[in-house]
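Open your viewer and get ready to click around. We'll go stop by stop, picking things to select and saying what is there.

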Amino acid sequence: MRFDDQPAARPGPVQGLNDLYLADEQSLVAELAAAADPGTAARAGIKAVAADLVRAVRGNAGRDGGIDAFLRQYDLSSQEGVLLMCIAEALLRIPDADTADALIADKISAAQWEDHIGTSESLFVNASTWGLMLTGRLLRVDDEARRHPGQVLTRLASRVGEPVVRTAMRQAMRIMGHQFVMGRNIDEALERSARKKNRVYRYSFDMLGEAALTARDAERYFDAYAAAIAAIGAATGDGDIFTAPGISVKLSALHPRYQYTQYERVMAELVPRVIELAELSRDAGIALTVDAEEADRLELSLDIVTAV
C-alpha cells in the first residue's frame, strides 16, 4: 500500500501528520520547539517544581528497603535490567515450577552480573548482585556438567545448590514484579492500592498481557476491561474523576488486526468497542486512557480516538 492510498477524509491532527510525513526534520523540530516554549517565567516555575519533586523523592528513598537503588542499578538501559524485568513479569504468569526453573536457567546465565559489583553504595544492591552472579555461575556449571558426565562432583554441587538459588530468585523476581504489578486481578489491585502509603498515589489500571492474536483474545480482553471498569467504579464511589483510579486501554488488545493495512475493518469493528468501554467508564465515574503503542500505529490510534 502506498502512503497516498489512505482514505481521503483524515480529520484534525492526523491530516496534519500526513502533510508533514516527509518534512525536513531539523527545521520541523526547530518550529515545534519554538511553538512549545512556554516563556522564561513558566520555565522557571517548571524547574522549581521539578527540583522540589526530585528532592522529595530522594528524601523518601530510604523507606523502600533498597528496591529503588536496585532498580536504578539495573535500569532498562542495561541488558541485565531488561532481562530482570522480563523474568519478573514472566514469573508472575508461570503456573508451574518446572517452567519457571527453565526460564531462569535460560535467561539468568546470559548477563554480565560481575560488571555491577561494587558500583552501587547500597548493600541491598551489592548483595543482590552477588546472588544473581552466583545463580548464573551455578546454572552454567550445571549445563557444563550435562555435557561432561564425568564431572560428578560438580554436577552434584549444582543439584544441591540450584533449587535453593532458584527459590531465592523466584522470590526476588516477585518482589521486583510487585513494584510494577499491583495484583493478579483487579480486586487484588484495588485492595493493594488502598493500603497505607499507596493511597497517596493515583492509578490507571491496565491488564497485563500482549496484543490480541485472535478474535477470542480480543473478546477476553474486552470482558476484562469491562469487569475492571465496573470494579473500579464500585470501589471509587462518587469521587472526583481526576483523583479517582481510572482504566488504561490497549487498542491492540481489543482487535486481532490492529494495523493500518486493515484500516476499514479496524474502524468498523474497534471503534464501537472503544465507545462501549468509554460509555461504561463515564457511567462508572472514572477516566479512560488510551495507551500509546508503536509509532507506526500512531495515526491509526488518532483516527480511532477522533471517531470515538
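A residue is called buried when its relative accessible area is under 20%, exposed when over 50%, and partly exposed in between, using a 1.4 Å probe and protein chains only. By that rule, buried residues make up 34% of the 308 residues in the protein chain.

Some ground rules before you click. This is a predicted model, where local features need a pLDDT of at least 70, side-chain atom pairs count only at pLDDT 80 or more, and totals for chains, interfaces and linings use all residues. Residues are numbered from 1 along each chain as its sequence is written, and side-chain values use heavy atoms, with hydrogens and water left out.

**Stop 1: the whole chain**

Switch on the cartoon view: the protein chain has 12 helices and 3 strands. Those are DSSP runs numbered from the N terminus, with helices being H or I over at least four residues and strands being E over at least two.

Now colour by pLDDT, the predictor's confidence in each residue, from 0 to 100. The chain averages 75, and 61% of the residues score at least 70. Where is confidence lowest, and where is it highest? Helix 7 (residues 123-147) is the low point with a mean of 46, while helix 11 is the high point at 95. Select residues 132-161 too: pLDDT is below 50 there, though the stretch has 35 contacts in the model beyond near neighbours in sequence. A contact means heavy atoms within 4.5 Å.

**Stop 2: S248**

Next, select S248, which sits in strand 2 (residues 246-249). Is S248 buried or exposed? It's buried, because its relative accessible area is 7%. Show side chains and you'll find a polar contact between those of S248 and S204, at 2.4 Å. (A polar contact is a pair of N or O atoms within 3.5 Å; within protein, one must be able to donate a hydrogen and the other to accept it, and residues adjacent in sequence count only if both atoms are side-chain atoms.) Leaving aside neighbours within four places in sequence, S248 also has F205, D206, Y225, T289 and D291 among its contacts.

**Stop 3: the largest nonpolar core**

A nonpolar core is a set of buried Ala, Val, Leu, Ile, Met, Phe, Trp, Tyr and Cys residues joined through side-chain atoms within 4.5 Å. Select Y225, I247, L254, L270 and I304: of the 32 residues in the largest core, these touch the most other members. Helix 9 (186-193), helix 10 (215-236), strand 2, helix 11 (263-284) and helix 12 (298-307) each supply at least two residues of this core. Zoom in on L270 and, not counting residues up to four places away in sequence, you'll see it touching L251, L254, H255, Y258, R265 and I304.

**Stop 4: the rings**

How many aromatic pairs does a search of the whole structure find? It finds 2. Rings of Phe, Tyr and Trp (its six-membered ring) pair if their centres lie within 6.5 Å; planes under 30 degrees apart count as stacked, over 60 as edge-to-face and the rest as tilted. Select Y203 and F205: their centres are 5.7 Å apart and their planes at 5°, so this pair is stacked. Then go to Y260 and Y263, a tilted pair at 5.5 Å centre to centre with 55° between the planes. Y260 is partly exposed at 22% relative accessible area, whereas Y263 is buried at 12%.

**Last stop: I275**

Finish in helix 11 by selecting I275, and add V305: the two are 30 residues apart in sequence and 9.3 Å apart in space, C-alpha to C-alpha.
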